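Colleague: I am new to this structure and would like a close look at a single part of it. Could you take me through the salt bridges and the strands and loops around them?

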Amino acid sequence: MSKYENTSITPDPTTPSFLSGRSRLGHPNATAYNVPSMTAPLPPPPLPSTPKAKTIKGESPYPVYWVEVLDIAQQKWHPVDPLVTGTQWRPRALEPPASDKENSLTYAIAFDEDGFARDVTRRYAKAYNSKTKRQRIDGPISPTVPSSGINTGERWLRRVFLRHYTAPDFPTDLDQIELKELAALEGAEPMPRNVQDFKDHPVYALERHLRRNEVLLPGAQSTGTVSAGSKAPVERIYRRKDVVVARSHEKWFRLGRVVKPGEEPVKVLPPNKRKRSSKFGGERISSPVSEEENDEGDLFGDYYSLAKQGGTPLYTPSQTDLYVPPPVSPSGKIPRNKFGNVEVYVPSMIPAGGAHIPHERAAQAAHILGIDYAPALTGFEWKGRKGTARIMGVVVPEGAAEGVRAVIDGLVDMELEEREERRRVEVWRMWRVMLRGLRIRERVFGGVGDEEEEEEEERVDEGERGGKKKDKGKGKADETTEEERFDREMADAPSDVSEEFYMDMDDGEGG
């Protein structure tokens with residue numbers, strides 16, 4: 001025990017044999033410095049736990065409305081949901097999962113204190129382009145206008161819904177910051193991971209999802225690869241901007257463009273096999289060419305074979321030029337097609353030196369002035385497989401356009417005057433009928449009291465109701481005798497004495 005006690009003795013700091021850590025600092029008074037105690041601060045008290053919101057059976061555990069708070073320092077809107085999820089500054093926590101059948105984040109519309117609204121769905125949707133946009137009316141499935149390429153669903157959403165809640169003046173700095181933030185969120189969305197999400201994606205595209213009239217630009221480079229499974233082949237991912245719409249000769253002509261001479265089609269659509277009813281019953285599929293012609297066409301490639309079978313060749317926009325129609329002759333003669341019309345599908349197809357007047361009275365006005373004109377064919381109205389030409393106005397020489405418009409204004413004014421005159425004549429006729437009825441009523445009931453007049457009207461009404469029920473009571477009417485019917489009619493008949501008495505009073509009063 002003695003050797004352990006010697007080792008446990010603490011050395012004296014004043015003896016020179018002991019050198020503490022502070023004596024090695026190089027300062028003579030380092031050992032006399034009192035080092036304060038460095039104790040760790042106490043941990044903060046735990047925050048009170050937020051009570052978990054109670055889930056109601058049949059309702060979604062995610063909110064359908066919440067508030068947004070403006071961070072003035074950063075000029076940014078942050079969501080706060082104190083009722084359902086109890087979260088704040090967490091926009092992605094408010095989107096319900098796909099398994100939630102009671103709630104779906106398809107539209108998120110934010111209203112400010114002035115009553116204006118803005119679509120802020122991109123702030124809260126995790127996969128806006130690949131999943132959320134499919135369920136919206138302005139999504140990729142919505143058709144587009146061929147002439148302008150505008151999404152019809154997006155145009156409807158802006159015009160019908162957001163038009164009444166959009167600020168009419170110029171956007172403020174805060175609005176511009178918010179719009180840039182939403183655009184950045186949409187652009188920062190990662191690439192989809194499964195094949196199905198690539199369908200109709202606004203940024204990426206797969207070759208398997210291209211429509212019949214869509215093709216890839218020559219030299220398009222892939223941005224990645226994806227596979228549907230471990231055993232499925234690897235597919236290339238392309239940018240949506242490298243996908244163009246190819247159209248036929250007729251479609252390009254209706255857009256005011258023509259295919260350049262000598263251009264090869266980028267794609268040939270196979271002919272549609274229509275089902276026709278057979279005379280022996282059932283249905284049969286008609287084929288435009290025979291098997292020998294099909295074998296001969298295969299020797300020259302698929303495109304030649306499909307074109308020979310009646311396929312439709314397609315061309316890209318780079319293979320077309322702007323259509324230039326023949327101009328109006330110096331004598332004012334309008335160029336026409338074989339049907340006697342001028343095809344004006346787009347404004348650029350109006351002949352040089354001519355003017356299009358889209359008015360129903362334009363042809364009549366041009367005929368009155370005695371100038372040359374041609375009906376303007378602006379499109380077709382399709383009902384099933386049958387198309388009807390839509391004629392809207394006429395094409396006249398540009399120098400006579402003002403005169404035609406002036407005559408149209410005169411014709412419209414004359415039509416309004418005739419309509420007003422017919423209305424005035426009809427009002428006069430109705431007044432004449434009413435006054436004539438009042439005079440007849442005054443002559444008939446001139447000396448009759450109010451009570452007798454009411455009885456007479458009730459008797460007439462009962463007679464009318466009895467006439468309507470005559471068919472229903474045929475069986476009972478056959479049982480009554482002719483004498484009973486005569487007695488009943490005589491009982492309801494008016495008295496001749498009273499009529500003569502009233503006539504004498506009328507004569508006496510009138511004399």
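What follows is a walk through the salt bridges and their surroundings.

Modeller: Please keep in mind that this is a predicted model, and that the structure holds 20 salt bridges. A good place to start is the pair formed by Arg-123 and Glu-68, whose closest N and O atoms are 2.7 Å apart. Arg-123 belongs to helix α2 (residues 121–124) while Glu-68 belongs to strand β1, so this pair ties together parts that are 55 residues apart in sequence. The two partners differ in their surroundings, because Arg-123 is buried at 2% relative accessibility, whereas Glu-68, with a relative accessible area of 21%, is partly exposed. Both residues also belong to a network of salt bridges that links Glu-68, Arg-118, Arg-123, Asp-175, Glu-178 and Glu-181. As a general point, side chains of opposite charge can pair when their charged atoms come close.

The strand that carries Glu-68 deserves a closer look. An open sheet of 3 strands is arranged in the order β1-β2-β3 with antiparallel pairing, and its edge strands are β1 (67–71) and β3 (87–88), each of which pairs on one side only. Between β1 and strand β2 (residues 76–81) the antiparallel pairing runs over 5 bridges, and within it Glu-68 stands opposite Pro-79 in β2. Glu-68 therefore has a place in the pairing of the strands, facing Pro-79, and a salt bridge to Arg-123, with a relative accessible area of 21% that makes Glu-68 partly exposed.

Two loop residues beside these strands have an unexpected backbone angle for you to check in the view. Gln-75, found in the loop between β1 and β2, has a phi near 55 degrees, which is a positive value in a residue other than glycine; at 26% relative accessibility, Gln-75 counts as partly exposed. Trp-89, in the loop between β3 and β4 (109–111), likewise has a positive phi, near 60 degrees, and is a residue other than glycine. With a relative accessible area of 44%, Trp-89 is partly exposed.

A second salt bridge is made where the side chains of Arg-136 and Asp-119 meet, at 2.5 Å from N to O. Arg-136 sits in the loop between α2 and α3 (152–161) and Asp-119 in strand β5 (residues 117–119), so the pair ties together parts that are 17 residues apart in sequence. Here Arg-136 is buried at 5% relative accessibility, and Asp-119 is buried as well, with a relative accessible area of 17%.

A third salt bridge joins Lys-260 to Asp-321, with the closest N and O atoms 3.9 Å apart. This pair links distant parts of the chain, 61 residues apart, since Lys-260 is in the loop between β11 (257–259) and β12 (267–269) and Asp-321 is in strand β16 (residues 320–322). Lys-260 is partly exposed at 28% relative accessibility, and Asp-321 is also partly exposed, with a relative accessible area of 37%.

Conventions. Residues numbered from 1 in each chain as written. Predicted model: local features only at pLDDT ≥ 70, side-chain atom pairs only at ≥ 80, totals over all residues. Heavy atoms only, no water. Pairing = 2+ DSSP bridges. Helix = DSSP H or I, 4+ residues; strand = E, 2+ residues; numbered from the N terminus. Buried < 20%, exposed > 50% of the residue type's maximum accessible area, 1.4 Å probe, protein only. Salt bridge = Lys/Arg side-chain N within 4 Å of Asp/Glu carboxyl O.
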